[in-house]
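Thanks for sharing this one. Here are my notes, point by point, to read alongside the coordinates.

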Amino acid sequence: MGLGDRIRAVRKAYGCTQQVFADRLGLKQNTIATYEIEKTTPSDRTLTDICRVFHVHEAWLRTGEGEMLQSPTPQDQGEDLAAFLGQVAGENSFRSRLIAALSRLSQEDWAVLERLAAALTTPEE
């Protein structure tokens with residue numbers, strides 16, 4: 001797996017289009033496309049930015065060794081959430097309506113939702 005394949009793997013792991021991935025890095029979509037097909041090689045700064053923005057181990061991105069993703073910190077998770085909310089703001093889409101509905105839940109509603117999610121994800125014995 002070459003560097004372009006690893007960049008594509010990061011993008012796909014986050015469910016991003018090339019445009020969204022590029023936007024989060026301050027690049028153009030066609031730049032990401034050239035990286036993925038290995039027509040051009042990203043700068044060291046771009047590789048560092050990918051690692052920072054997408055919580056990727058730099059050794060994995062550069063060489064393919066080790067694990068792809070780092071465990072995000074609470075601050076990283078907050079930044080990811082803010083970026084996501086920025087993407088859906090103003091949309092008239094299911095995900096925008098869902099986020100709006102979730103924002104109106106009470107603490108008790110969240111507890112019910114958490115129990116439901118646990119029941120759905122816990123394998124039956």
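1. Just past the end of α2, G26 has a positive phi of about 75°. Please keep in mind here, and in every point below, that this is a predicted model.

2. Turning to α2 itself, the buried residues are Q18, F21, A22 and L25. Looking down the axis of α2, these buried residues fall within an arc of 95°, so they line one face of the helix. Among the elements that cover them are α1, α3 and α4.

3. Helix α3 spans residues 29-36, and I32, Y35 and E36 are buried in it. Seen down the axis of α3, its buried residues fall within an arc of 95°, so these too line one face of their helix. Their cover includes α1 (3-13), α2 (18-25) and α4 (44-54). Directly after α3 comes another backbone detail to look at: E38 has a positive phi, about 60°.

4. In α4, the buried set consists of T46, L47, D49, I50, C51, V53 and F54. These residues pack against α1, α2, α3, α5 (58-63) and α6 (74-88). After α4 comes H55, and its phi is positive as well, near 55°.

5. My next stop is an arginine. R6 sits in helix α1. What is the nearest side chain of opposite charge to R6? It is E38, at 6.7 Å. A salt bridge would need a side-chain nitrogen of Arg within 4 Å of a carboxyl oxygen, so that distance does not qualify. R6 is therefore a buried residue with no salt bridge. E38 is also the residue with the positive phi just after α3, so you may like to view the two together.

6. What does the side chain of R6 have for company, then? One of its polar atoms lies 3.1 Å from the backbone oxygen of W60. Setting aside neighbours within four places in sequence, R6 is in contact with M1, W60, L61, R62, T63 and G64.

7. On the cysteines: how many disulfides does the model contain? The count is 0. C16 takes part in none, and the nearest cysteine sulfur, that of C51, is 15 Å away. From the side of C51, the closest cysteine sulfur is in C16, and 15 Å is too far for a bond. Are these two cysteines buried or exposed? C16 has a relative accessibility of 10% and so counts as buried. C51 is buried too, with a relative accessible area of 8%, and C51 belongs to the buried set of α4 described in point 4.

8. Finally, a serine. S103 is part of helix α7, residues 94-103. With a relative accessible area of 57%, S103 is exposed. A polar atom of the S103 side chain lies 2.6 Å from the backbone oxygen of A100. In sequence, S103 and L116 are 13 residues apart, and their C-alpha atoms are 18 Å apart in space.

9. To pull the backbone remarks together for your own check: positive phi values occur at G26 just after α2, at E38 just after α3 and at H55 following α4. On the side-chain front, I would look again at R6, buried without a salt bridge and with the W60 backbone oxygen 3.1 Å from a polar atom of its side chain.

Notes
Residues are numbered from 1 along each chain as its sequence is written. This is a predicted model: local features need pLDDT of at least 70, side-chain atom pairs count only at pLDDT 80 or more; totals for chains, interfaces and linings use all residues. Side-chain values use heavy atoms; hydrogens and water are left out. Buried means under 20% relative accessible area, exposed over 50%, partly exposed in between (1.4 Å probe, protein chains only). Helices (H or I, at least four residues) and strands (E, at least two) are DSSP runs, numbered from the N terminus. The arc is that of the directions from the helix axis to the C-beta atoms. Contact means heavy atoms within 4.5 Å. Lys and Arg count as positive and Asp and Glu as negative; His and the chain ends are not counted. A polar contact is a pair of N or O atoms within 3.5 Å; within protein, one must be able to donate a hydrogen and the other to accept it, and residues adjacent in sequence count only if both atoms are side-chain atoms. A disulfide is a pair of cysteine sulfur atoms within 2.5 Å.
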